[in-house]
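Reader: I'd like to get to know the strands and how they pair, starting with one small sheet, and then to see how the helices sit against one another. Could you walk me through that at a relaxed pace, with residue names I can click on as we go?

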Amino acid sequence: MAPPTNPNPADSSAKQSLEAGLAALKQQDYPTAIALLESLTQTAANQPSGIRAQMGLVGAYKATGNLKKAIALCSSLAKSPNPQVKTWADRALTELTPPRPPKPPENQPKSAETPPETGFVAFDAGTKSPEKTPGGDLPTADKKTGFLPLEPAVEPGNAKSQPISPPHPPPTPPIRPTSEGGHGGTAPTETAPDTAEISGENSSASPTDIPGVASPDTYQLTWREAGRAKSPRPLKPLKLLEFRLQAVASAIALFFLARFVLQFLLTNTNSLLVQLYIFSRLPIFAPIQLFYRDPTPFVQMVFGLLLASSPWLIDALLKLFCGIETLRGSVLSKHSKEASRVLRSYCTKQNMPVPVLKLLPLNVPVAFSYGCLPRFARIAVSRGLLEQLTDEEIATIFARELGHIYHWDFAPMSLALLVIQIPYLIYWQVAHWQERLCDLMTIEFFRSAVKFVAAAISATSYGIYKLLRWPMLWLSRRRVYFSDRTAAEITGNPNGLTRALGKIAIGIADNIEQQKQTSFFLESFDLLLPVGVGQAVTLGSAALHAPLEQILLWDVSNRERNWLTVNRAHPLLGERLKLLALYAQFWQLETELDLANAGVPEQPRKGKLSVFKSILEFKDSKLFLQGAPFFGIPMSLAIVGVLWLIGGIFSRTSIWQLDWLWGDRSILWGCLPIGFSIGTLMRINYFFPDIIPRETASPSLPEILSNPESLPLDAEPVRLEGQLLGRSGMSNWLGQDLILQTATGLVRLHYVSRFGYIGSLWPFLFKETTRPSDLIGTSVVATGWLRRGATVAIDLESLRSQGGRVSDSGHPIWSAVLAFAAAFWGAYIIIQGPR
């Protein structure tokens, strides 16, 4: 719609200057914006266009660090007779001059600080001790081995970490003007109110919709620096005996799963060799007799050796790939005297030796503990953690790791880490070395043969790595709650731990943005890290663009959130920070985040007479449809029971044609995949709705995270633009590490070839030559279905680069293929009958 004509040339010129200034502000061309808007405020100060120009100037001054001018301008606007302008100015002043909470007297409860009503909630991602200097105390990794390092070596000039600030947005296509004179783009930008809004004609206008104020592009993270308890009251004792028994049960489950995987590999390897021997009659393909033996004693011996030598094996692994070194007490005291004091006092109190301290020369803030016995325990921290966290925050992280050692969960987790490292190292090193071998070969046939074999080994190893994590996921989640609570009790500082966890998440996301990929170290050591990498990718990057309470709302409010974490190694970060806030309330402290009272109140327990009603309600809920493929399996068992009953009834009559149904186990085993198939087909249309280009949304990451009711079933078709990050080469042929860097954060992408894994590994077999990994580092448009669960991801439909290259994904196709394959398999089992 064309703007209405203005008979006054001066008004027309002022409007053009205003639009040009606001456009420059949106494009972050602050000098031009300031020049245009300042000239307008001088000529039309009391007119609506002049007021809008002053609002825009506040954002420009704030972005350039000229807070004095911004505050002065807001003070002037606060005297405006227009109530809407006055309200906006008052809120902007609150954000520009956040009050620091007063320090209460010792042993007295702190008064709650009223949080600001706008987007500027008190956080600061870059808060750290002012005395932190790199000096020469922290070693750098200079390890020259034949292996690919877990993370690129840190350059000496970058050893000192800088305060965390919003990263530069990725390259995006040029901003397209809209029909109304605005500008469209992928990054959500706040637009200034029009003349009618400023003059009060539109009372529904939001006073925060002003350029540069409370928008994702200029939001700055600050922390409240809430205090700690000097003498905290003890919390209810933990049930450690039950927890330790469950940890042992998890390790036993890992043993049986590893034994099953090994036996499966040995049996199928011999079966393949037999087929090759029959075909070629070459002795080299004769089956290996050793593979026919029971692998149980071998697995028992390997598990025993791995557990007993876990401290030294993990030391060697980290030394080889990261250059880990001993963390001297003087270095730790320099960064955190409280951490040194906590280590000594807690170990003395619990009559346990002080763990060996290790230092990882990495900029990403991480910490973890490992070992087999408390006397051989280690606590490893990274240089990034020591530099990016304050004294008391470092102490809370060390207290967490002491909790892991005292609870004894560090031993089974160390064993699990070494077990899953075996297939992970095979996946990583095979993918790396095949590139070097192919570079040395000149004959294309041998190059293709090496790639074919290496791709099969690497992909299979990665699948085994993901499978072997499953038995330890419950323990990995459970132990985090225990260690967080122990850290809060040891230090009396749940607010400090809240800030530490938030900064770790932000630091991990920042590391991924800097490295342009998820490092092998972060993925392979994910089980031991304080914050899950999958969580940190999205939450850590979004925390720089919106308040933490806003982006963690799903974690504390969604009713089905606990069901959606069963395949995650870490509990929801929002749940953890809410518990820490509750500890702070229990000790009558001001909370760092306003999460203690957030969430859904628990429903009253229902009586026995309403059990049937509860089942009916569950059947009609989204969660039932979300898990329909898995709920279809027990439903199929009910059908088997009915068929067996029919067979039993007819077996006692003269109708013998149906008596075979009684006790037929082939029906039992055949109905299980059929139930899975029916459940998959039930939800496929809900899971993959049609994508209509004109109706496809382009939400910002804070908008995605702010919806507390969404489930993965609520698949919203989206179209996002940004830069594609991830590992290059064969290590990413299956889409293991695909991340879209948008203007408001990072989002993981899920990809499957239209021809399945075969199409991903060997696309030349189907004339499909573009993998997503081929587009790494380029600006792309990702179209697909948004999944909001414990983490945020997009199931891709397509990836399109600016150069016109397209990589299509086949999620709906392979969901249908899987469903029909399961149905045919079940029918085949039933037709074959009992054996």
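Author: Happily! Let's begin with β5 and strand β6 (residues 356-360), which are joined by two bridges and run antiparallel. Please keep in mind throughout that this is a predicted model. If you would like a residue to click on, try E325, which stands opposite L359 in β6.

These two strands belong to an open sheet of four, arranged in the order β5-β6-β8-β7, and the pairing in it is mixed. The edges are held by β5 (325-326) and β7 (367-370). Each of these edge strands has a single partner, so one side of each is left without a neighbour in the sheet. Helix α9 (residues 310-322) packs on this sheet, and it touches β5, β6, β7 and β8 (378-382). The direction of α9 makes about 145 degrees with that of β7.

Now let's move along the chain to another set of strands. A good place to enter is strand β9 (residues 716-725), where eight of the 10 residues are buried, so β9 is largely enclosed by the rest of the structure. One of its partners is strand β12 (residues 779-788), to which eight bridges join it in an antiparallel arrangement. Another partner is strand β10 (residues 739-742), again antiparallel, through three bridges. Q723 is a handy residue for seeing both pairings: it stands opposite S779 in β12, and it also stands opposite Q741 in β10.

From β12 we can step across to strand β13 (residues 792-801). A hairpin of three residues connects β12 to β13, and the two strands pair in the antiparallel sense over nine bridges. To find this pairing on screen, look for W785, whose bridge partner in β13 is D795. Like β9, β13 has eight of its 10 residues buried, so β13 too is largely enclosed by the rest of the structure.

β13 has further pairings. With strand β11 (residues 745-750) it runs parallel, joined by three bridges, and here R748 stands opposite A793. With strand β14 (residues 806-808) the pairing is antiparallel, over three bridges, and S807 in β14 is the bridge partner of L799. The hairpin of β13 and β14 has four residues between the strands, and in it G804 takes a positive phi near 95 degrees.

That brings us to the helices. Helix α16 (residues 470-491) is a good one to start from, as we can follow it to two neighbours. With helix α14 (residues 410-440), its axis comes within 11 Å, and the two cross at roughly 140 degrees. Angles over 145 count as roughly antiparallel; α14 and α16 are therefore oblique to each other. Their crossing is left-handed. On the α14 side the contact is made by F410, P412, M413 and A416, and on the α16 side by M472, L475, S476 and R479. Sorted by class, this contact has six nonpolar residues, one polar and one charged.

The other neighbour is helix α11 (residues 337-349). The axes of α11 and α16 also come within 11 Å, but here they cross at roughly 100 degrees, and the two helices are therefore roughly perpendicular to each other. E338, V342 and Y346 of α11 meet T486, I490 and T491 of α16. This contact has three nonpolar, two polar and one charged residues.

Our last stop is a pair made by helix α17 (residues 494-515) and helix α22 (residues 573-586). They pack at an angle of about 160 degrees with their axes 8 Å apart, and are therefore roughly antiparallel to each other. Their crossing is left-handed. From α17 the contact takes in P494, N495, L497, T498, L501 and A505, while α22 brings L573, R576, L577, L580, Y583 and A584. Nine of these contact residues are nonpolar, two are polar and one is charged.

If you want a short tour to repeat on your own, begin at E325 and L359, go on to Q723 and S779, then to W785 and D795, and finish where α17 meets α22.

Technical notes:
Residues are numbered from 1 along each chain as its sequence is written. This is a predicted model: local features need pLDDT of at least 70, side-chain atom pairs count only at pLDDT 80 or more; totals for chains, interfaces and linings use all residues. Side-chain values use heavy atoms; hydrogens and water are left out. Two strands pair if DSSP finds at least two bridges between them. Contact means heavy atoms within 4.5 Å. Axes are lines fitted to C-alpha atoms, for helices over the stretch in contact, and angles run from 0 to 180 degrees between N-to-C directions. Angles under 35 degrees count as roughly parallel, over 145 as roughly antiparallel, 65 to 115 as roughly perpendicular and the rest as oblique. A crossing is left-handed if the near helix is turned anticlockwise from the far one by less than a right angle, and right-handed if clockwise. Ala, Val, Leu, Ile, Met, Phe, Trp, Tyr, Cys and Pro count as nonpolar, Asp, Glu, Lys and Arg as charged, and the others, Gly among them, as polar. Buried means under 20% relative accessible area, exposed over 50%, partly exposed in between (1.4 Å probe, protein chains only).
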